[in-house]
Amino acid sequence: MRFSIALLTAICVASVIGTVIPQNESHGNYINQLGPVWADVFAIAGLTKVYSAWWFLWMLVLLVLSTGLCVARHTPGILVDLRDYKESLREQSLQAFHFKASEHTKETPLAAQRRVSGYLTAAGWRIKVKARPQGTMLAAQRGSANKLGYIATHAAIVLICLGGLLDGDLSVQAQMAWQGKSIYTGGGTVQGVGGTHRLNARTSAFRANLRVVEGSHASTAVINLGDGVVLQQLPFEVELRKFGIDYHSTGMPRQFSSDIVIHDHESGQVTAATVKVNQPAFYRGVAIYQSSFEDGGSRLILEAIPLESGREPFALEGHVGGSMLLPGVSGDAQRFTVEFTGLRVINVENLAATGEGKHVDRQKVLRNVGPSVSYKLRDAAGQAIEYHNYMLPIDFEGRSVFLLGVRGAPDLPYRYLRIPADDTGGMAGWVRLRQALSDPVLRHEAAARYAAHGAKVNGPGVEASLESAAGRLLDAFAGADARQQNHRAAGLLAISDLLDPVAQDRRGPASESALRVLAGGLFELLNLTRERAGLAPLVFKGGVPSFMQEAVLALSDSFLYPAPLALALTDFEQVQASVFQVTRAPGKTLVYLGAVLLAAGVFAMLYVRERRLWVWLAANPQSGTLVTFALSTTRRNLDAEAEFERLKSMLFPLRSQVGGPFPRV
């Protein structure tokens, strides 16, 4: 018993570890999460694949053997004991029990036997009578399910462990060992994987993922095994007719389902089914669960927007999962390959914010902000940076902005460049300003215009100084003199460097003046771009317009944007794909049966008390019959005391041995 409890405790601890630590991931992921030292320690100990580790499987086998032997050893004795009423117990032995009583009645022994038997039978006791020369012994028992609970509980542990062994990857590992199969660690498509990495359809137990694109079919599932995969051939083919999603009013998915058609390879039978979350389809012992969904190769239409002057926007077309060499970028050293990684039609974001722009979790405002596209730009050296751009402007803190996200690694969060929407609701106004900022001729003209407007207000004597100040600030902001003066590249950091020689006590007023001149110069630059585009110029009505405030911040941040251009999603044709989890679990029935037996057994052991009762009836010529009884119970508690008193009141209807009236039934 102690050995089994120790094994069960160790299995529980291992199961907790297997739940907390992600299982069967690549070794690189564990290095990122745990570090190289602990990743190696966990891998050697088998903690990254607990449920298929040799020590875990051996613990299950030992627990099955130990508990099974325990059940086999004790069950015959328990069954014999359940049939034994122990009616041969001597009447003198009744005095040794804790719960005992006796009394003389005026009934004849036969009448007393009938009365006692009738009461006990009505109360649910099973009785066996044995007549002796000195009297009659009535042996009764109740609550035999308590001992059956012992058998059921231990048998449940055996069944559950056996089911776990059958449903684990033992069959996959065995088939790989016997048939010379190996793990596939390369890339590419399913069709390109060789036969040494494929399991046949006769695998007794497996758990795999099957990806089916809408309008197509598939019959090969993928089993993840640590740093690689093996392919599992199914005895049928799954065709995805239609994938559908139902949404809540907030835009969050409520339910998603797949209308599928199953084509049997052997019989040619065609079976239609609908698979929903928690509503799987079953065919030939294989369960098909709706696991998730993803993009199936949607067609993307984008506009490439260069951030530097001298380049015109151009159209791009691709599909999710595809890649192409990015045209329009000069220089072989700057050749980029764009890899389209994802399309999300629904993006539900929490747009609640305080005045400072911080999100308030207690008052969430969930709203669908529209489609977004994800892609990677890979340079000639093979280094890739991931981008995530929203298609539509988002109302954020009272301003309408386009969000262009970027991150250097998958485990990092996106950092977003917020581009303000112009008066037409697009980002063309800001893009024209960004391109004009890199043109020295336009910067010089904008500085001259700003100085001319300033001379009208402050007099002609300040025009030259205003033009010089505005020109220098625009050049610094654009990063035009970063190399010559060893300043930071561009943006507001470059403006801060220009103010370094200013005394500390005058730094605040100087910064305000510099930012005011910079904003004025950029405003004139914006109007220059509008005139060239055939648009009416904007009018400066005092104060800095909100568009210009956001534009200045976005311009400053854009110099840190790692790509020479941005891709804006203009249109798409969505194609969905369903990811099914296909499982063959022959041990499932054993596990379910074990769970039922475990619940029934624990209930019987905890809440059912086994009781035995002996009633001795001896004839007495003077008083009629001497009635003596004794009660035995597995637990001596208040319930046992109360039951003993009830039995005494029923067996001795007039008065008890110790005195005092007892009610008559």
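Ala-177 and Trp-178 are exposed (over 50% relative accessible area, 1.4 Å probe, protein chains only). They sit on the other side of helix 7 from its buried residues. The model is predicted: local features need pLDDT of at least 70, side-chain atom pairs count only at pLDDT 80 or more, and totals for chains, interfaces and linings use all residues. Residues are numbered from 1 along each chain as its sequence is written, and side-chain values use heavy atoms, with hydrogens and water left out.

**Helix 7**
- Helix 7 spans residues 170-178; helices are DSSP runs of H or I, at least four residues, and strands are runs of E, at least two, numbered from the N terminus.
- Ser-171, Val-172, Gln-175 and Met-176 are buried (under 20% relative accessible area).
- These buried residues fall within an arc of 135° seen down the axis, so they line one face of the helix. The arc is taken from the directions from the helix axis to the C-beta atoms.
- They pack against strand 4 (198-199), strand 5 (206-213), strand 6 (217-225) and strand 7 (228-247); contact means heavy atoms within 4.5 Å.
- Gly-180 follows helix 7, with a positive phi near 70°.

**Cysteines**
- The structure has zero disulfides (pairs of cysteine sulfur atoms within 2.5 Å).
- For Cys-70, the closest cysteine sulfur is in Cys-161, 14 Å away, which is too far for a bond. Cys-70 is buried, at 17% relative accessible area.
- Cys-161 is in no disulfide either; its nearest cysteine sulfur, that of Cys-12, lies 9.5 Å away. Cys-161 is buried, at 9% relative accessible area.
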